[in-house]
Amino acid sequence: MEKVLNRDFKKVRGYFSKINSLNPNSLPKSITILGAGISGLVAAYELKKLNYEVKILEASNRIGGRIWTYRFDDENITAYGELGAMRLPFNHEFTHYYINEMGLQSQLKKFVTIFKNNECFLDIKGKVCRLKDVINEIYPSYEFSKNRKFKSKYTERFASALKTIVDAMSPKEIRELFETDLHNYLLDELDYSLERCSIELNDEEFSPNNVLPLLSKLRGRCEDVLRTYMRHIILESSSDLYQLAGGMNQLPDAIANHLKDDIRLNAEVTGISLEDNKVKITINGNEQLYSDTVLCTIPFSVLREIKLDGFSKEKLDVIHNLTYVGATKVLFYCKDRFWEKDKYQIKEGASVSDRVIRQLYYPLASQDNSSFKQENPGVLLASYVIGEDSTYLAELSHHEQINLIKRSVSRFHPEIETEDMVQDVAVISWEKHKWTRGCSGVMWLGRSKYNVEAVTKPEKKLYFAGEHCSMDNAWIEGAITSALSQVEEIVQLQTRTILLEPSVV
Ligand SMILES: Cc1cc2nc3c(=O)[nH]c(=O)nc-3n(C[C@H](O)[C@H](O)[C@H](O)COP(=O)(O)OP(=O)(O)OC[C@H]3O[C@@H](n4cnc5c(N)ncnc54)[C@H](O)[C@@H]3O)c2cc1C
């Protein structure tokens, strides 16, 4: 923990000294920001410090966007689950900077992710076992050597571990691509490398967690789409992940506290018109507002449904064609933390399944001396799925969703089906959420290559930021860095304009 608490934020400090050097005057300027997700909030916070008058228009009745901590019981501080973002990689320096800046560093706790806790379960190919037994229980069912002979005695186990990782963490499209690449050439390459490896390996080396570094090595050989996706897998399964104990919404809430009078909730932008020197914004279908400069953080999946006038054809093409992937999360508010009791002894981590639930995450462990003990209620992230798996779940009725998920979880936790175990549920399919229409823009799917410059390029005085405007998309970090890079653009432009104008005496 020490290294995450005592970092020097060198990269961030470099950015801010550049911004401050760009703003030599303190004339008040104004800007309208569309969306109060993390990108809109960070942009507003920084521009306000630079003496801008900011106004944020937010369609929904809450701030935070895709950072959404759902609370089942306001009296119980541990009765929450994350419907959106939940983990923060160590190397996401800008995200950690804002956690520090908001005084939230004491809330940082390690996030135990997938394949890290040996007591967690796998339910794959009809077999259920603990992670510690995966090599004997599950790997043989992949039958990699059924129709081919390997030169190395290790190839089959390595390939099984890789397949377990990709199957557990990827949407259907990626699982299929990996399967094809594996059989076309990755298995041969693996076998060739292992045959030349002279060291003896013990069983432990083949656990999914230990095989993960191999995925980084193979990544370079995979085709483009798979390579880009594997970057996500490697980051998501890193050992160096953190969370905010008490809920991720503490970050956007703390930033919003500095912007109290500047945020207008329930203000849905229904039209954007680019006029000569102004941007005209229509709010809730009937109210009009003119602004010199506007920063739009509305996801393109929503923006394409809004009336847009005066935009170039190129920009409209990008807005309409950016591919988004869906994601569904299902939270179960359980009457007690049965997974921590003697029968299971699971403290944090994730169980995985090739059934409809895919990934199930256990919450921060109870501390014996704290107010949340094993006997107290706890929130399971009972299912987290993306891509086609999410589309499937999203189309079911609420009743069908819950029954299906309970049935899948009960394969390793039968008590989930007892009558009073699940006291409440919260479900979100982000592709159906009116203000997001997807989990994130995707670089590994879609009709055209993801061109982040084209996505971000401003249209007259309308700028764009948000996770979709970053190569770190689908992360808070991408949303923040895209916002900061637009702050820089805006300040730079304003400074240039002011320097060109005759000085007022
Ligand atoms: C299921 C899921 C899991 C994730 N897990 C992680 C994780 O573990 N770690 C991580 O770092 N990141 C994670 N992310 C990604 C992260 O949450 C996002 O990248 C980030 O929060 C996006 O911020 P943003 O400001 O770009 O967009 P948003 O948060 O979507 O903000 C856009 C805002 O615009 C508003 N809006 C939309 N339409 C209009 C309109 N017409 N008028 C006015 N306002 C409008 C929305 O209500 C919203 O508040 C996850 C995301 C999801 C969905």
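## Ligand site, cavities and a pocket

Around the ligand of this predicted model, the shell holds 36 residues, of which Ser39, Glu58, Arg66, Arg87 and Ile476 come nearest. Sorted by class, this shell around the ligand comprises 21 nonpolar, nine polar and six charged residues. Among the secondary-structure elements, helix H3 (38–49) and helix H16 (476–500) each contribute at least two residues to the shell around the ligand. Because domain 1 (2–65 + 249–322 + 441–500) and domain 3 (327–437) both give residues to this shell, the ligand lies between the two domains.

Several polar backbone atoms also approach the ligand, and the distances are set out below.

| Residue | Backbone atom | Ligand atom | Distance |
|---|---|---|---|
| Ile38 | polar backbone atom | oxygen | 3.3 Å |
| Val269 | backbone N or O | nitrogen | 2.9 Å |
| Trp475 | polar backbone atom | oxygen | 3.1 Å |

Taken alone, the ligand exposes 1,000 Å², and the protein buries 98% of that area.

### Enclosed cavities

Apart from the ligand site, empty space within the protein can be examined. Rolling a probe the size of a water molecule over the atoms shows where such space is left. In this structure there are two cavities of 30 Å³ or more.

The largest cavity contains about 60 Å³ of space, and its lining is formed by Arg231, His232, Leu235, Met471, Asp472, Asn473 and Trp475. Trp475 is thus named in the lining of the largest cavity, and a polar backbone atom of Trp475 is also 3.1 Å from an oxygen atom of the ligand. In terms of residue class, the lining of the largest cavity divides into three nonpolar, two polar and two charged residues. Where does the largest cavity lie with respect to domain 1 and domain 2? Since domain 1 (2–65 + 249–322 + 441–500) and domain 2 (131–236) both give residues to its lining, the largest cavity lies between them.

The second largest cavity contains about 30 Å³ of space. Its lining is made up of Ile114, Phe115, Asn117, Cys120, Phe121, Leu122, Leu131, Ala350, Ser351 and Val352, which by class gives eight nonpolar, two polar and no charged residues. Strand S7 (121–124) and strand S18 (349–353) each supply at least two residues of the lining of the second largest cavity, and S18 gives the most, with three residues.

### The second largest pocket

About 540 Å³ of space lies in the second largest pocket. Of the 29 residues that line this pocket, Tyr80, Gln243, Gly246, Pro363 and Leu364 are the closest to its centre. Four strands, namely S4 (80–82), S9 (241–244), S19 (359–362) and S20 (378–386), are the elements that give two or more residues to the lining of the second largest pocket. By class, the lining of the second largest pocket divides into 18 nonpolar, seven polar and four charged residues.

Key:
Residues numbered from 1 in each chain as written. Predicted model: local features only at pLDDT ≥ 70, side-chain atom pairs only at ≥ 80, totals over all residues. Heavy atoms only, no water. Near = heavy atom within 4 Å. Polar contact = N/O pair within 3.5 Å; in protein donor to acceptor, adjacent residues only side chain to side chain. Areas by Shrake-Rupley, 256 points an atom, 1.4 Å probe, with all protein chains shown as cover. Nonpolar A, V, L, I, M, F, W, Y, C, P; charged D, E, K, R; others polar. Domains from an automatic or database assignment. 1 Å grid on protein atoms, 1.4 Å probe; cavity = no way out; pocket = protein on both sides within 12 Å on 5 of 7 lines; lining within 4 Å. Points joined across faces, edges and corners; volume = space filled by probe spheres on them.
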